[in-house]
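Biologist: Got a minute to walk me through this one? I'd like the main features, chain by chain.
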Amino acid sequence: MAKSTPQTGGTGAWDQLVGLIGRGPGGYVFLSIYTLVTSLLLLLNPRTNLFTDIVFILFLLLILAIYRTKVHVGFKIALGVITLGFVMPYFGTLNPYYIDVATQAGIFATLAMGLNVVVGFAGLLDLGYVAFYAVGAYLWSIFSTPQVGLMISGATPIPSGWFYGFILLGLTVGGVFGVLLGLPVLRLRGDYLAIVTLGFGEVIRVLAVNLDKPLNITNGAQGIKDIERPPLFFADPLRAIFSSFGRQLDNNQLYQIFFYFMVLVVVLITILIVSRLKNSRIGRAWTAIREDETAAIAQGIPLVRMKLMAFAVGASFAGAMGVIFASKQLFINPPTFDLLRSIGILTMVILGGLGNIPGVILGAVLVTLLDLQILPRIAEILRSAQKAGWPIPSAFDPTQYQRLLFGLLMILMMIFRPEGILPEDRRRQELHEEDEEIVEDAAEAEAA
Amino acid sequence: MALLEATNITKIFGGLTAVNDVTLTIEKGSIVSVIGPNGAGKTTFFNILTGIYKPDKGVVLFDGAPTAGLRPDQIAALGMRRTFQNIRLFHNMTVLENALVGMHTHLHAPIWNIILRNRSLRLEEGKARDRSRELLRFVGLDEKRDELAKNLPYGDQRRLEIARALAGDPKLILLDEPTAGMNPNETVEATNLIRRLRDELGVTVVLIEHDMRLVMAISERISVLDYGTKIAEGDGAVIRANPRVIEAYLGKGAAGNPA
């Protein structure tokens with residue numbers, strides 16, 4: 001949305017840092033030490049406290065470091081598997097709080113990537129995105145619990161094994177709702193579009209509140225509880241693996257790791273799909289529409305179809321994630337899907353870097369960390385300082401000021417870095433992949 | 001054979017008749033200019049041909065088929081492409097991507113092929129890139145293919161707009177003031193490029209232009225609009241000698257006493 005975004009702003013600082021470490025072996029050594037230190041600190045000190053918070057954040061930022069540093073792709077993948085595939089779940093068995101944060105971050109990363117298709121790629125401001133998430137979540141909640149019996153008399157809950165089918169169903173239903181939203185707003189742009197989508201999001205939430213009579217579909221404001229979890233695959237081998245490391249896991253711990261991996265897989269699939277779409281005729285058409293609708297039409301791009309497709313694709317990720325979220329949470333109610341949540345996801349997209357997939361993921365992780373970890377921790381520290389007799393007025397309740405701090409951070413961010421943390425830098429389009437390095441080298445030589 | 005036949009086109013905005021009963025026939029393989037003073041209705045006429053405006057009266061036949069009821073993108077897909085008076089590139093896309101967007105109507109990979117990135121998709125994308133680069137080479141921009149469109153100098157932006165239009169493999173290309181704001185050197189280059197569009201690629205060209213030297217140099221036929229009405233038509237010599245044209249450009253009385 002920022003009109004004049006510097007092109008290479010995002011990469012500068014990091015490249016300088018890597019430049020200091022040195023090319024070639026420097027990157028490998030740096031990443032290895034980084035991984036080793038943060039992993040060990042986490043595994044040796046799994047208690048929930050400020051120190052672990054900081055290490056945990058550094059550990060998550062390691063993924064970004066792996067992504068940005070110039071090392072062999074195989075090395076990157078190996079480090080990724082070690083950190084996200086082994087260290088994180090093992091740490092999760094020691095401290096369930098942090099792996100839950102990581103799982104939530106993954107859920108929001110997927111949502112942010114989906115919203116990014118609509119807002120970042122196609123330039124259609126959507127303030128009601130959480131509606132699709134709600135649709136997916138209610139879909140599984142209703143059909144996996146006795147709630148379905150209240151809706152259709154005599155119907156019994158669907159066996160939990162259907163969960164995976166419902167992820168695909170959530171994907172489809174999300175997409176259909178995306179088209180439903182898209183149809184009335186096709187002629188609208190900018191502010192008008194934002195207001196209609198905002199209304200749509202509220203309509204879905206209010207429906208969730210009120211569809212408990214005459215026919216009880218959503219159970220109203222009370223929400224739906226005891227949502228079914230999928231049957232555990234690999235429960236016994238997983239237990240065996242962990243017990244060989246001396247960890248005996250109960251069912252809840254297993255589910256936590258199970259959902260963590262499921263979300264991780266969905267995030268990876270989402271990255272794959274979204275980045276492939278971006279560099280295809282469809283993604284280019286979306287960007288063209290964002291840049292100049294009139295010129296896009298003149299190239300033969302069917303505006304209606306491409307916009308609807310953007311809404312559908314974006315919404316389908318939310319629909320699928322909604323199913324997983326409901327099942328992980330075991331309980332959902334309408335306030336989970338309020339306007340603030342939509343705005344929160346939009347914040348992730350804009351803060352991270354509108355249009356840029358790694359940026360959007362980073363935005364999602366950072367905002368989730370801020371929300372779940374950093375801000376509550378600051379409030380807690382302030383409170384204990386208050387108790388210890390620091391001159392903080394007793395009327396001041398730090399927990400009440402979390403959102404204020406959040407807002408302040410956003411304002412500062414938009415003033416000093418309106419293009420987001422990792423802005424979209426248009427990558428070189430290469431005819432052949434093997435040319436890539438040559439051109440890159442040439443460009444570097446030119447820059448030097 | 002006529003590639004484009006616009007018959008009795010009239011367009012009224014409120015009380016203003018922007019285009020009044022204009023008939024224009026464009027032969028396949030020709031270069032035709034539409035000229036006229038500012039506000040004569042030239043761009044409106046282009047917008048009617050490309051389907052952005054619906055004419056209040058009249059019929060447009062493109063390649064023998066009426067375009068009434070078709071959306072602008074459908075008309076573009078039939079092979080009628082245009083450039084804009086005020087350049088409308090996709091500024092934050094690279095030069096190559098701009099050309100690739102121009103190829104949109106020629107790419108048909110379904111979404112699952114894109115997601116799977118299978119052989120047929122890679123083949124299609126590879127061909128699209130080859131073709132785009134060929135066209136960028138044609139207009140002399142291949143070296144700059146990785147630059148953002150907004151960072152190109154003015155003349156290059158004009159050329160990129162032409163390359164983007166060519167990427168759709170058009171039968172007819174409508175150029176709306178392709179040399180506006182260019183210096184004499186750039187205008188000569190642009191003139192050559194326009195001629196090559198027809199001579200080397202076989203594209204029929206219609207241009208709106210103010211630069212009379214360019215118009216006289218390359219058009220085989222010239223139509224003159226004034227206040228929405230076609231006041232003259234013919235080759236360069238005919239137009240130059242037409243008193244109504246001189247009057248439209250220089251004012252009443254100018255035609256009578258050549259200085």
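Modeller: One term before we start: two strands pair if DSSP finds at least two bridges between them. And keep in mind that this is a predicted model.

Biologist: Fine. How many bridges link strand 1 and strand 2 of chain B, and in which sense do they pair?
Modeller: There are 8 bridges, and the sense is antiparallel. Strand 1 of chain B covers residues 2-13, and strand 2 covers residues 16-27.

Biologist: Which residues sit opposite each other there?
Modeller: B:Lys11 stands opposite B:Val19. B:Ala2 has B:Glu27 in strand 2 of chain B as its bridge partner.

Biologist: What connects strand 1 and strand 2 of chain B?
Modeller: A hairpin turn, with 2 residues between the strands. B:Gly14 in that turn has a positive phi of about 55°.

Biologist: What sheet do these strands belong to?
Modeller: An open sheet of 4 strands in chain B, in the order 2-1-4-5. The pairing is antiparallel. Strand 2 and strand 5 (65-66) of chain B are the edges, each pairing on one side only.

Biologist: And what packs on that sheet?
Modeller: Helix 1 of chain B, residues 42-49. Helix 1 touches strand 1, strand 2 and strand 4 (57-62) of chain B. Its direction makes about 120° with that of strand 1 of chain B.

Biologist: Staying in chain B, where is B:Pro170?
Modeller: B:Pro170 lies in the loop between helix 6 (154-167) and strand 7 (172-176) of chain B.

Biologist: Is B:Pro170 buried or exposed?
Modeller: Buried, with a relative accessible area of 8%; the cut-off for buried is under 20%.

Biologist: What does B:Pro170 touch, leaving out residues up to four places away in sequence?
Modeller: B:Gly79, B:Arg81, B:Ala165 and B:Val203. Also, the C-alpha atoms of B:Pro170 and B:Ala77 are separated by 8.4 Å, and these two residues are 93 residues apart along the chain.

Biologist: Now chain A. What is its secondary structure?
Modeller: Chain A has 18 helices and 0 strands. Of its 448 residues, 51% count as buried. Take the contacts in chain A with a separation of 6 or more: residues 24 or more positions apart account for 76% of them.

Biologist: Give me a helix pair. How do helix 15 and helix 17 of chain A pack?
Modeller: At an angle of about 35°, with their axes 11 Å apart. Helix 15 of chain A is residues 339-352, and helix 17 is residues 402-416. The crossing is left-handed.

Biologist: Which residues meet there?
Modeller: From helix 15 of chain A, A:Thr347, A:Ile350 and A:Leu351. They meet A:Phe406, A:Met410, A:Met413 and A:Met414 of helix 17 of chain A. By class, that contact has 6 nonpolar, 1 polar and no charged residues.

Biologist: Which residues of helix 10 of chain A are buried?
Modeller: A:Ala235, A:Leu238 and A:Phe242, in a helix of residues 235-244. They are on the same side of helix 10 of chain A because they cover an arc of only 70° around the axis.

Biologist: And what covers them? What's on the other side?
Modeller: The cover includes helix 4 (73-94) and helix 11 (251-278) of chain A. On the other side of helix 10 of chain A, A:Asp236 and A:Ser244 are exposed. Just after helix 10 of chain A, A:Gly246 takes a positive phi of about 85°.

Biologist: Any odd backbone geometry elsewhere?
Modeller: Some background: most residues other than glycine have a negative phi, and most peptide bonds are trans. A:Lys213 and A:Pro214 are joined by a cis peptide bond, with omega about 0°. A:Pro214 is in the loop between helix 9 (190-210) and helix 10 of chain A.

Biologist: Which non-glycine residues have a positive phi?
Modeller: A:Asn219 is one of them, at about 65°. A:Asn219 is also in the loop between helix 9 and helix 10 of chain A. It counts as buried, at 19% relative accessibility.

Biologist: Got one in chain B too?
Modeller: B:Arg117, with a positive phi near 50°. B:Arg117 sits in the loop between helix 4 (111-116) and helix 5 (119-139) of chain B. It is partly exposed, with a relative accessible area of 29%.

Definitions and conventions: Residues numbered from 1 in each chain as written. Chains lettered and ligands numbered in written order. Predicted model: local features only at pLDDT ≥ 70, side-chain atom pairs only at ≥ 80, totals over all residues. Heavy atoms only, no water. Axes fitted to C-alpha atoms, helices over the stretch in contact; angles between N-to-C directions. Left-handed = near helix turned anticlockwise from the far one by under 90°. Contact = heavy atoms within 4.5 Å. Nonpolar A, V, L, I, M, F, W, Y, C, P; charged D, E, K, R; others polar. Buried < 20%, exposed > 50% of the residue type's maximum accessible area, 1.4 Å probe, protein only. Arc of directions from axis to C-beta.
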